[in-house]
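Got your viewer open? Load the model below and keep the selection box handy.

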Amino acid sequence: GHSDVSWSAAIPCSEQAAGSTPLLLSATGDSASAAPLVWTAEIAPSFGAFSITLKKGSVFMASNKAQTANVNMELYSVASQKATTTGPATVVKPGEEAPIGWADPYTLRQFGVK
């Protein structure tokens with residue numbers, strides 16, 4: 001089957017965006033129901049120029065410690081103040097961890113947890 005990944009939110013090249021920011025990317029096509037992918041954009045301004053480095057993963061992790069209850073944790077990226085969730089959830093099974101990213105991290109960093 002054919003599968004792709006959606007584009008991330010725009011990455012601003014500015015002093016305010018400097019640092020490491022995790023981006024949530026959703027699968028499209030045949031794997032649209034697949035778990036979202038997380039990539040981190042590292043922006044470094046230097047003497048009037050910017051470098052952008054993209055790496056798979058995130059420094060932010062969700063950890064499901066509910067091993068006794070045996071309950072999955074579902075994380076949804078919130079895309080706007082009005083929206084509740086967007087796209088498929090990142091599912092974290094009991095005793096496991098998963099990287100966290102945001103659909104639009106430069107304007108809104110919120111998550112819904114279920």
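Here is a walk through the chain, one selection at a time.

**Whole chain**

Start with everything in cartoon, and keep in mind that this is a predicted model. You should find 10 strands and zero helices, so don't go hunting for a helix to orient yourself by. From the N terminus on, the elements simply read β-β-β-β-β-β-β-β-β-β. Of the chain's 114 residues, 29% count as buried. Switch on a surface and you are looking at about 7000 Å² of exposed area, with carbon and sulfur atoms supplying 55% of it. If you like contact maps, consider the contacts with a separation of 6 or more: residues 24 or more positions apart account for 55% of them.

**The three-strand sheet**

Now select 19-25, 37-46 and 49-56. These are β2, followed by β4 and β5. Together the three strands form an open sheet in the order β2-β4-β5, with antiparallel pairing. β2 and β5 are the edge strands, each with a single partner, so one side of each has no neighbour in the sheet. From one strand to the next, the twist averages 25°.

Show the backbone for a moment. Strands of a sheet pair through backbone hydrogen bonds, either parallel or antiparallel. Between β2 and β4 there are seven bridges, and between β4 and β5 there are eight. For landmarks, L25 sits opposite L37 in β4, while W39 is opposite K56 in β5.

Which of the residues of β2 are covered, few or most? Colour 19-25 by accessibility: five of the seven residues are buried, so to speak "mostly covered" as strands go.

**The nonpolar patch**

Next, select V5, L37, W39, I52 and L54 and show them as spheres. They form a nonpolar patch on the surface, and their accessible area together is about 400 Å². Both β4 and β5 supply at least two residues each. V5 comes from elsewhere, in strand β1 (residues 3-5). Is V5 exposed, partly exposed or buried? Its relative accessibility is 42%, so V5 counts as partly exposed.

**T53 and its contacts**

Stay in β5 and click on T53. With a relative accessible area of 35%, T53 is partly exposed. Leaving aside residues up to four places away in sequence, T53 touches T40, A41 and E42. Then draw a C-alpha to C-alpha distance from T53 to S20: the two are 33 residues apart in sequence and 9.3 Å apart in space.

**Two positive phi angles**

Last stop, the loops. Most residues other than glycine have a negative phi, and two residues here are worth a click with that in mind.

- Go to F47, in the loop between β4 and β5. F47 is not a glycine, yet its phi is positive, about 50°. F47 counts as exposed, with 87% relative accessibility.
- Then jump to N70, in the loop between β6 (61-63) and β7 (73-77). N70 also has a positive phi, about 55°, although it is not a glycine. At a relative accessible area of 60%, N70 is exposed.

To finish, bring back the full cartoon and colour β2, β4 and β5, the three strands of the open sheet. Add the patch residues V5, L37, W39, I52 and L54 on top, and both views sit in one picture.

Methods:
Residues numbered from 1 in each chain as written. Predicted model: local features only at pLDDT ≥ 70, side-chain atom pairs only at ≥ 80, totals over all residues. Heavy atoms only, no water. Patch = residues over 30% accessible without salt bridge, like charges linked within 9 Å, V, L, I, M, F, W, Y side chains within 5 Å. Areas by Shrake-Rupley, 256 points an atom, 1.4 Å probe, with all protein chains shown as cover. Salt bridge = Lys/Arg side-chain N within 4 Å of Asp/Glu carboxyl O. Helix = DSSP H or I, 4+ residues; strand = E, 2+ residues; numbered from the N terminus. Buried < 20%, exposed > 50% of the residue type's maximum accessible area, 1.4 Å probe, protein only. Pairing = 2+ DSSP bridges. Axes fitted to C-alpha atoms, helices over the stretch in contact; angles between N-to-C directions. Contact = heavy atoms within 4.5 Å.
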